Amino acid sequence: MPFISQFHRQSDYNYFSSTTPIVIDNGASYFRIGWAGETDPRVIFRNIVQRPRHKATGETVTIVGDHDPALLKYFDCTRSGPRSAFDSNVVYQFEIMEYILDFGFDRLGANGSQIDHPILITECVCNPVQSRCKMAELLFETYGVPSVAFGVDAAFSYKYNQRHGICDKDGLAICPGFTTTHVIPFIDGEPVYKGCCRTNIGGFHVTDYLKQLLSLKYPHHMARFTWEKVEDLKMEHCYIAPDYTSEARLFQKGTKEAEDKTRCWQLPWVPPPVEEPPSEEEIARKAAIKERQGQRLREMAEAKRSSRINELENQLRGMEFLLQQLEQVEEAEIPSFLKDTGYVSKQEIESSLVKVTLSLRKAKGEPKAEQAEVEEKSDSSMNEKYPLVNIPDNMLTPEQIKEKRRQLFLKTTSDGRQRAKQKRQEEELERERKNQLDEEKRLENPELYLEQMRVKYKELSEKVEQRKRLKANGNHSNGNNVPGGVGRGERLNAAQRERMRLLTTAAFDRGKGEDTFGAKDEDWQLYKLMSKDNDDDDDEGLDEDEVELAQISSRLQEIDPAFVPKLDVGPSQPAPEIPRFRPLTKEDFQILLGVERFRCPEILFHPNLVGIDQAGLDEMAGVSIRRLSTKDQDLEERLTSSILMTGGSCLYPGMSERLEAGIRMIRPCGSPIKVVRALDPILDAWRGASTYAAALQFPQQTFSRMDYYEKGEDWLRRYQFCYTL
Amino acid sequence: MEPEVMKAELVLPTHLSFKRVQMYEKYPKGQARGRHWKHLKQILQAENFQNYLADEPNYVNIESSPSMHPCKRICDITGFEAPYFDPRTNLRYASADIFKIVRSLPNEYVQRYLALRNAAVVLK
């Protein structure tokens, strides 16, 4: 059950006399303040401070404790995270401590010119004297408190429970807290700090671990896992398994029990609105529009074509007319006659005439066969133009030889062109044939064909991806592990091998001893060579596979209704949103807590799961008893038969059984072990302090301002409470 | 200030009657505020615990020793028992399927998993 803060301003401050002490439980998680002698603290809030800027006015304000997030929207909280006065369990930031005390006293209803009541405040075990000094100074100087007493919260809790008969006067207090865990032995009702043991792990680490695990498992929902939410999750769902390994095995095998133990958190999710298939009229309307557009396009095309035909015909007629005119003119006058028209000679006119007729024919849309005929005719006519080719060399004059060479050249080029055309035609035929075969195969057995295609697609895509990954990994490890070199276990591909070879031989093989690489300009051509090698090799290999993959995927898209092409999700980080392979379903928005439920509190027993190399809870009990260094068997038995669990982090279900089993492992066989939980692990420390402060002998245990100034720091160091009054 | 913020009394008032020295007097604006507080490590160093008797408990002596129990090895990704270890990424894994996942993780995630165990490579 989550903790609930309460911080209403109390109104009865003035009813309490000046001798009534105020009791403060200053914990790393919560701050509790109230009057001595009462059962419950008046004001409880989280021990954090935020200093955001107000968006409208721009002033920096202080907000203490956790508040309704809706109200915080008026403040700019980006540069001010919540800050705590604690570092591990010791107070070190007294400015923040002051804000917290301000708030606490204010909500207790304090008025008047100073706090006129003695104060009992809790601290950690063996608090460093500097922290104590500063705290005392703060209370005396700023608040004007008459007297102060410091005590350990775990001890108060133990005394309270002892009073209620839960534990005996000799016993062990195990106190897993927010940032640290303590085990303190009690002998004759007094804590023996010599045997105390502290591990720096607590509820904070458990929540943090859970938060990280969930963020890594569900990266797209990372924004949902705020610290407060994760703490709620932890308090509601986490438990401690009696034996971690067997529990983990249950989950690994996927048994029914494991299914039952998995809790599921459904994030709010709205399915996207389903598009309705367009109705009949819609389809008809769209078809009509398309018809009309098509019609319009066709008309435009017609108009263009007819205008072009007209133009060509005009040109043709003009040229024919010109030719006719030419025939009437004499030879010698042709050039001057033609100067105006823009043609130089008769041949030119004739050739352009031929061209125009050809294009006219094409525009009119006559079958290509005729065109081919025309081409062939022109080809054969070309052949006749190589008269000199077949005549052997020795029978020709030098000019004729030159002439022959030119003709030979022309002939070979045209021959080559013909050959290329033929090859193209053959390929076309071949492809047609293959397609035909494919179609037949598909028609006769569609299922099998589909299967084969799919399998081939999968194989190819895996191969391509693997190659890509290898390349990326190769580049990665080249960049990260050993710059420019080879990562362990990497095989060099041919390009990299070549590169290494070039580097080692060509670059450093210049003369003995001296490295003159770079003195000459052509040395740098080496790099061009290397990069060329790299590119060539990689591209070629990939191309054919990728091309085939593209072909198969397009084919599959046509014929397979259920096929979805695999998107190119690169090996680099997944996008912050779910890759859209398929439409999002409800399951994508569910957070499953299975193994995490008992993996996270396990770190209390095995801190080296999070890298903290210290003893866990069960081992700490043994360490503590060992540190007492009494060989009194009896005492040890008395200690283990009254073990009290207190502190916020001991509320996990299954904790006491696990602790008992753990301690039994390290104690001699048959020794009595009894583990009990405090009545209220969270509030018991405050309650114990409250009853203590209400006792008559309490004033003797406090120290006043005068004492502090006279006796100084050294005395403060040795200041210890006496818990039995 | 918006009315609901005033009503909720979210903000700490700057002047409190029961204080002898107010915050704004103690920490005038413009001065560096948080930097002169010593962190725990510095406090402990300044304490000079070796000058005092080793018998007396102090903050440093009561810290617990490294664990004597055998280290529990669990898979970094799933939490199952993990007898295997990947030398390239330094992650522990429990079976071949998980190994596939381990090898396909981008480097950022690998470092974050390692950071859970306090085994990440920290470049200062």
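Select Leu120(A) and then Ala149(A), which stands opposite Leu120(A) in strand β12(A). The model is predicted: local features need pLDDT of at least 70, side-chain atom pairs count only at pLDDT 80 or more, and totals for chains, interfaces and linings use all residues. Residues are numbered from 1 along each chain as its sequence is written, chains are lettered from A and ligands numbered from 1 in the order in which they are written, and side-chain values use heavy atoms, with hydrogens and water left out.

**The sheet**

Extend the selection to β11 (residues 119–123) and β12 (residues 147–152) of chain A, which pair in the parallel sense over 5 bridges. Strands here are DSSP runs of E with at least two residues, helices are runs of H or I with at least four residues, and both are numbered from the N terminus. Two strands pair if DSSP finds at least two bridges between them.

Now show the open sheet of 6 strands in chain A, in the order β3-β2-β1-β11-β12-β21, with mixed pairing. β3 (43–46) and β21 (703–704) of chain A are at its edges with a single partner strand each, so one side of each has no neighbour in the sheet.

Add helix α21 (residues 684–694) of chain A, which lies across β1 (22–26), β2 (30–35) and β11 of chain A and runs at about 150° to β1(A). Axes are lines fitted to C-alpha atoms, for helices over the stretch in contact, and angles run from 0 to 180 degrees between N-to-C directions. Contact means heavy atoms within 4.5 Å.

**The nonpolar cores**

Next, select Met97(A) and Phe105(A), which touch the most other members of the largest nonpolar core, a set of 81 residues. A nonpolar core is a set of buried Ala, Val, Leu, Ile, Met, Phe, Trp, Tyr and Cys residues joined through side-chain atoms within 4.5 Å. Buried means under 20% relative accessible area, exposed over 50%, and partly exposed in between (1.4 Å probe, protein chains only). Helix α1 (residues 94–108) of chain A gives the most to the largest core, with 9 residues.

Not counting residues up to four places away in sequence, Phe105(A) touches several residues, including Ile22(A), Ile33(A), Ile119(A), Tyr143(A) and Phe18(B). A second, separate core has 66 residues, among them Val230(A), Leu267(A), Leu604(A) and Phe80(B).

**Asn89(A) and Thr180(A)**

Go to Asn89(A), in the loop between β9 (86–87) and β10 (90–91) of chain A. Asn89(A) is buried, at 10% relative accessible area. Its side chain makes polar contacts with the side chains of His182(A) at 3.3 Å and Tyr59(B) at 2.8 Å. A polar contact is a pair of N or O atoms within 3.5 Å; within protein, one must be able to donate a hydrogen and the other to accept it, and residues adjacent in sequence count only if both atoms are side-chain atoms.

Thr180(A), in the loop between β13 (171–176) and β14 (181–187) of chain A, has a side-chain polar contact of 3.2 Å with Asn89(A). Thr180(A) is also buried, at 5%.

**The interface**

Finally, show the contact between the chains, with 92 residues from chain A and 64 residues from chain B. The area buried between them is about 7200 Å², of which carbon and sulfur atoms give 55%. Buried area is the accessible area (1.4 Å probe) that two parts lose on being put together, summed over both. Select Glu95(A), Arg198(A) and Leu216(A), which supply 10% of the area that chain A buries against chain B, more than any other three residues.
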